[in-house]
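The following exercises are to be worked with the sequence and the model at hand. Each task is followed by a solution in steps.

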Amino acid sequence: MANRPPIQAVLFDLDGTLVDTAPDLVAALNMALLDANMAPVAYEQVKDAASHGSLALVHAANVSTDPHIHSQLQQSLLTHYHQINGRHSRYFAGIEALVSALHLRGIKQGIVTNKHARFSRPLCRQLPCFTVMETIISGDSCTRAKPDIAPMLLAASQLACPPEAILYLGDAKRDMQAARSAGMVAALAMWGYLGADDIQFWPSDIHVHQPLDLISAIDSATVNAAVYLP
C-alpha cells in the first residue's frame, strides 16, 4: 500500500457544496406547479432534493404518481429555472474564504457538477470568487455524469494533475462514489442538502464540517497518508 502524494488540487461539487441553489430551484418548481394549476409546496419539504436534480425536486413535491406529469413539470421547472438561475443563490458560509485560502496556497481548483452547462456556467459567472476555477465540468460535458468517473478524470486531465493528488468535496453519495472510483480523496461536505440520508454507508474518506476545516484536513496525515484505493 502506497501513500498518497500531497494534495495538489481540489475539485468541488456545485449545488449543495459551494452554492445554496435551493431557493432558485424551489421557486422554479413552484412556478411550474402553478402553471399546472397545482398548489405550491413548502420550501422545507423539498429543499433537500435540490442536490439531486430537477426530477428529484418534482418527485419530492409529491403531487402526482404519473411519470408523464412528472416529465411535464420537470420541463416547466427547467424553463423557469433558466430565467431565474442565480437570482437568489448564495455561497454557503465560509466558501469564499476557503476558495481564497486554497488559491493563496497555489492549490488548483475546479468544479465537477451534474448540472448541465446551460445552467452551471451562467451561475458560476455570477459568483466572482469562481474566477479562480481552472476547469468546470458539467453534467453534459461527458457522455456519462457522476457517479461515473469520466467527468472526474476529464477534470483531472484539464488540471494536469494525477487523480490521486486531488481531493473532491461533495455533498451526495454519487460524489463520494465518483471520487473514490477515480482514486481521489472523497471528502463529504456536512452542510447543504444531506437531509436524512444514511451517510455512514457512503464511501467517503473524510467528513468536513465547515469549509475552512478542509485546509487543516489537506495538511493532515488523514489525507496525505491515505492509501490508494482500488
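A salt bridge is a side-chain nitrogen of Lys or Arg within 4 Å of a carboxyl oxygen of Asp or Glu. The model examined here is a predicted one.

**Exercise 1. Salt bridges**

Task: State how many salt bridges the whole structure holds, and determine which residues share partners in one network.

Solution.
Step 1. Searching the whole structure yields 7 salt bridges.
Step 2. One of the pairs is Asp13 with Lys146, whose side chains meet at 3.0 Å, N to O. Asp13 belongs to the loop between strand 1 and strand 2 (19–20), and Lys146 to the loop between strand 5 and helix 7, so this pair ties together parts 133 residues apart in sequence. Asp13 and Lys146 are buried.
Step 3. A salt bridge also links Lys146 to Asp175, at 2.7 Å from N to O. Since Asp175 lies in helix 8 and Lys146 in the loop between strand 5 and helix 7, the parts tied together are 29 residues apart in sequence. Asp175, like Lys146, is buried.
Step 4. Through shared partners, Asp13, Lys146 and Asp175 form one network.

**Exercise 2. The pair Asp15 and Lys115**

Task: Establish whether Asp15 is buried or exposed, and do likewise for Lys115.

Solution.
Step 1. Asp15 and Lys115 form a salt bridge in which the closest N and O atoms are 2.7 Å apart.
Step 2. Asp15 sits in the loop between strand 1 and strand 2, and Lys115 in the loop between strand 4 and helix 6, so the bridge ties together parts 100 residues apart in sequence.
Step 3. The cut-off for a buried residue is under 20% relative accessible area. Asp15, at 7% relative accessibility, therefore counts as buried.
Step 4. Lys115 has a relative accessible area of 11% and is therefore buried.

**Exercise 3. The largest pocket**

Task: Describe the lining of the largest pocket by position, by helix and by class.

Solution.
Step 1. The space in this pocket amounts to about 420 Å³.
Step 2. Its lining comprises 22 residues, and those nearest the centre are Gly53, Ser54, Asn114, Lys115 and His116.
Step 3. At least two lining residues come from each of helix 3 (54–61), helix 4 (67–84) and helix 6 (117–125). Helix 4 provides the largest share, 4 residues.
Step 4. Sorted by class, the lining contains 8 nonpolar, 8 polar and 6 charged residues.

**Exercise 4. The nonpolar cores**

Task: Identify which helix gives the largest share of the largest nonpolar core, and list the contacts of Leu29 beyond four places in sequence.

Solution.
Step 1. The largest nonpolar core has 54 residues; Val10, Leu18, Leu29, Leu77, Phe130, Leu167 and Leu169 touch the most other members.
Step 2. Helix 1 (residues 22–35) gives the largest share of this core, 7 residues.
Step 3. With neighbours within four places in sequence left aside, Leu29 contacts Val41, Val46, Leu57, Val58, Ala61 and Leu77.
Step 4. Another core lies apart from the largest one and has 22 residues, including Ala9, Leu11, Cys161 and Ala182.

**Exercise 5. Helix 7**

Task: Determine which residues of helix 7 are buried and what covers them.

Solution.
Step 1. Within helix 7 (residues 150–159), the buried residues are Ala150, Pro151, Met152, Ala155, Ala156 and Leu159.
Step 2. Their cover includes strand 1 (9–12), strand 4 (108–112), strand 5 (136–137), strand 6 (166–170) and helix 8 (173–182).
Step 3. Ala160, just after helix 7, adopts a positive phi of about 55°.

Note on methods
Residues numbered from 1 in each chain as written. Predicted model: local features only at pLDDT ≥ 70, side-chain atom pairs only at ≥ 80, totals over all residues. Heavy atoms only, no water. Core = buried A, V, L, I, M, F, W, Y, C linked by side-chain atoms within 4.5 Å. Buried < 20%, exposed > 50% of the residue type's maximum accessible area, 1.4 Å probe, protein only. Contact = heavy atoms within 4.5 Å. 1 Å grid on protein atoms, 1.4 Å probe; cavity = no way out; pocket = protein on both sides within 12 Å on 5 of 7 lines; lining within 4 Å. Points joined across faces, edges and corners; volume = space filled by probe spheres on them. Nonpolar A, V, L, I, M, F, W, Y, C, P; charged D, E, K, R; others polar.
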